[in-house]
Structure formats: structure tokens, C-alpha cells
Amino acid sequence: MYRKSAAFYDAIHSYKNYEREAQIVHKLIWRYRLSTGRRLLDVGCGTGRHIEHLQKDYAVIGLDVNPELLKIAHQRCPDVEFYEADMVDFALGIQVDVITCLFDAIGYVQTLPRLQQALRVMKRHLRPGGVILIEPGPALDEVHSGTLRTLCVEEPDRHVSCMILETVQGRAYRAEHHYLVGTPQDGVCYFSEQHNQGLFTHDDYLGALYENELDVVHELEGLTGRGLYIGIRPLD
């Protein structure tokens, strides 16, 4: 995902207020965390936009499967350690106090067994009293085949347009991203890429967290109105 479009990722998502979202995350961590440390692992960290703000209060580590996004994240946050790995199969040999997985990242596990596996891996990296914050991806009842969305951004020396065609088949969600990128120097180029995600229900998320013996809180509003699932590892 975002293999071709990594250089334009931040431009296309410039509508997001990462600083505000990081502030909400910080408040929720302090509301629910029982451990006393400040070590935070951001799973599916992308270009490090949340980390950019969270590093002010936490010792942050980033993890993503996309090396191109990680290059941008490292440039943005040169003092942060980043790992290239799949969220369903990573072993860092450490434990942290907070794990975040935000902005649709969890949807890329694609299937319910892989969602459950991702939560098992995350819990192994979580100290007793630590918290996992999961922002859900597209919900099963919220997306429909044939939906077309367009994101456009005009920068001084570059215009980027992304048209997204959504397809749903059962629990499988596919988003075809079609890009037009134009600069005065190079003209206009076109490319496309496909994003495949899984569609999960409220009970799917709750079940994956409870299966891992985590206490669960569901914040209805979350960061963007989509909600937020918080798993708390009980103190030993």
C-alpha cells in the first residue's frame, strides 16, 4: 500500500489535523494507562505525522511495512527509531507502555484471523498496565461498491488529485486509487495503485481484544468520529 504514492501521501492527507489527534491520544493514554512508563510504539506509523507530535511526551518507536513511508518518517523525526515489519508478525524484543494503531492502518490486516493475530503480537509487546489504542478502519456497514471519492490538493509547485473507486465483496474492501500529479517542470503524470482492507464489525474488534485478556473501553467519538478501541493490559 502507498508503494507508488509515498511521496504524495502527506499532500493527499493534508486535511487531517495530526496535532489535534495526537493531543486526544495523549489525554486518553493518561486516562486509561496503569503503567508509569512513557515508551510508545506506533504500529502502522506511515510518514510519522502522529509521531511528530507524540514524541514531545513519549519515547516513541515507529513500525510500518512500507519502507518508502518509513524513509519520510525518519526524515521528519530523525531521533526516532523505526522498524520495517508487518503488524501481524513482528518481534522487537521490547515491551512498551502504549501501542497506537491509527488512521485505517488496522484494516490492512484484511481478515479476522489476522486481526486477532495482530492483537496477540501487540499484547506481547505491552507491559502490564499498558494500553493499546486502535482506530478502526472502514466499517462493514459504512462502505458500498461503486462509491467514488476525490481528494485534491494544490501546492505552489505541484497539484495532486486522487480519485478513489471503492468495491466491496463480503468482508473484503478494495480501493482503487487513481492519481494525477502535475508540476510546471514535468507536466502531468498518471498512475494507480490498489488498496485491500478487511471490513470489521464492532464485535470483531471487541472480540479480538477480549480474546487477548485485555480490559476494553470503546470511545465513541475517538479521533475523527469513527471511534477508538482501547485495550488495557491488567496489572500482574
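**Reading local features in a predicted model**

Colleague: D104 lies in the loop between β4 and α5. How are such elements defined, and which sign does phi of D104 have?

Modeller: Helices (H or I, at least four residues) and strands (E, at least two) are DSSP runs numbered from the N terminus. The model is predicted, so local features need pLDDT of at least 70 and side-chain atom pairs pLDDT 80 or more, whereas totals for chains, interfaces and linings use all residues. Residues are numbered from 1 along each chain as its sequence is written, and side-chain values use heavy atoms, without hydrogens or water. Phi of D104 is positive, near 70°, although the residue is not glycine. F103, in the loop between β4 (96–101) and α5 (112–124), is likewise not a glycine and has a positive phi of about 50°.

Colleague: Is D104 buried or exposed?

Modeller: Buried means under 20% relative accessible area, exposed over 50%, and partly exposed in between (1.4 Å probe, protein chains only). D104 has 18% and is therefore buried.

Colleague: Which residues of helix α4 are buried?

Modeller: An α-helix has 3.6 residues a turn, so residues three or four places apart point the same way. In α4, residues 67–76, the buried positions are L69, L70 and A73. Viewed down the helix axis, the buried residues of α4 fall within an arc of 100°, so they line one face; the arc is taken from the directions from the axis to the C-beta atoms. They pack against α1 (9–12), β2 (59–64) and β3 (81–84).

Colleague: Which residue caps the N-terminal end of α4?

Modeller: A polar contact is a pair of N or O atoms within 3.5 Å; within protein, one must be able to donate a hydrogen and the other to accept it, and residues adjacent in sequence count only if both atoms are side-chain atoms. N66 is the cap, with a side-chain oxygen 2.8 Å from the backbone nitrogen of E68.

Colleague: What does S5 touch?

Modeller: Contact means heavy atoms within 4.5 Å. Leaving out residues up to four places away in sequence, S5 touches Y179, F191 and E193. A polar contact of 3.3 Å joins the side chains of S5 and Y179. S5 is placed in the segment before α1 and, at 1% relative accessibility, counts as buried.

Colleague: Where is L148 found?

Modeller: L148 is found in strand β6 (residues 148–155). Beyond its neighbours within four places in sequence, L148 contacts M163, I164 and L165. The C-alpha atoms of L148 and M163 are 7.1 Å apart, although 15 residues separate them along the chain.
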